[in-house]
Amino acid sequence: MAKQAPIKRVRLPRDPADYGYPSQDIAALKAKALEVTRRLTARYGISPWSEKDPMSMLVDIILSHRTKDEQTAAAYANLLRLFGSWEMVRDAPTAEVQAAIANVNWPEVKAPRLQAIMRQITEERGSLNLDFLRQLTIEEAAAWLNRFEGVGPKTTACILLFSCQMPLLPVDVHVHRVASRLGLIGKKVTPEAAHLLLQALLPDDARSIYDFHKALLRHGQRVCIYDRPRCQQCPLTDLCDYYKTTVKPQKAVF
Ligand code: SF4
């Protein structure tokens, strides 16, 4: 009989005022988040939902930590090409799994971590399948995933939003940077705290949250990049705190 892990509830955003915004700013911040999504979606297009099941998404997201999209996709394809199934990946010698994902960052950490999570899921559920998450409440599903070593709020939200279409916002480095420059979150808000803060500004439906995530992710990869944001190519200058306080004053001087 598979051992069932205890499920504890996690707190999800109910009221933006709970998270430190002055109440008079909440409506403006919500409107800004919607307008940012609208303009960036118009520029980059609507992203289709992923066709990956939750187990496959977990593998994909763990491989993707601090790794470019193309490298992640190559490592993911390599695992399936060499081993044929997640069960075979789970049972393979760790050195072989590590070699198959050698192109991502920290394969020596990710290979044993993936296998340990796969073994734990099999032990608890009786098979290597996470489709049951779709039947849980969002709080139950998030709490269940959060227990695994290396599975934090971002990975949890990615699996539940991308594969289960549950309304939970992932915040990666790009989403965090763009949101911070725009002034949707304060400068000192960490990516971990930003999950709940930003989600509190968005409509409580998976499509809206997915569109916001994809819009800021793409913008952070292509225009609002880390070193030197390409503000001259950006359709958000009139909405952006960083542009108004840092970029525009410098332009005025020179
Ligand atoms: S105006 Fe510049 S800093 Fe602001 S979101 Fe656009 S690229 Fe980023």
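**Exercise 1. Sort the shell around the ligand by class, then find which helices supply it.**

Step 1: By class, the shell holds 11 nonpolar, one polar and two charged residues. Here Ala, Val, Leu, Ile, Met, Phe, Trp, Tyr, Cys and Pro count as nonpolar, Asp, Glu, Lys and Arg as charged, and the others, Gly among them, as polar.

A word on the model before we go on: it is predicted, so local features need pLDDT of at least 70 and side-chain atom pairs count only at pLDDT 80 or more, while totals for chains, interfaces and linings use all residues. Residues are numbered from 1 along each chain as its sequence is written.

Step 2: Of the 14 residues around the ligand (C-beta, placed from the backbone, within 6 Å of it), Cys 224, Pro 229, Cys 231, Cys 234 and Cys 240 come nearest.

Step 3: Helices are DSSP runs (H or I, at least four residues), and strands are too (E, at least two), numbered from the N terminus. At least two shell residues each come from α9 (173-182) and α12 (241-253), and α9 gives the most, with three.

**Exercise 2. Describe how α7 and α8 pack.**

Step 1: The axes of α7 (residues 138-146) and α8 (residues 153-163) come within 9 Å and cross at roughly 135°. Axes are lines fitted to C-alpha atoms, for helices over the stretch in contact, with angles from 0 to 180 degrees between N-to-C directions.

Step 2: α7 and α8 are therefore oblique to each other (under 35 degrees is roughly parallel, over 145 roughly antiparallel, 65 to 115 roughly perpendicular, the rest oblique).

Step 3: The contact (C-beta atoms, placed from the backbone, within 7 Å) involves Ile 138, Ala 141, Ala 142, Leu 145 and Asn 146 of α7 with Thr 156, Ile 159 and Leu 160 of α8.

Key: Contact = placed C-beta atoms within 7 Å.
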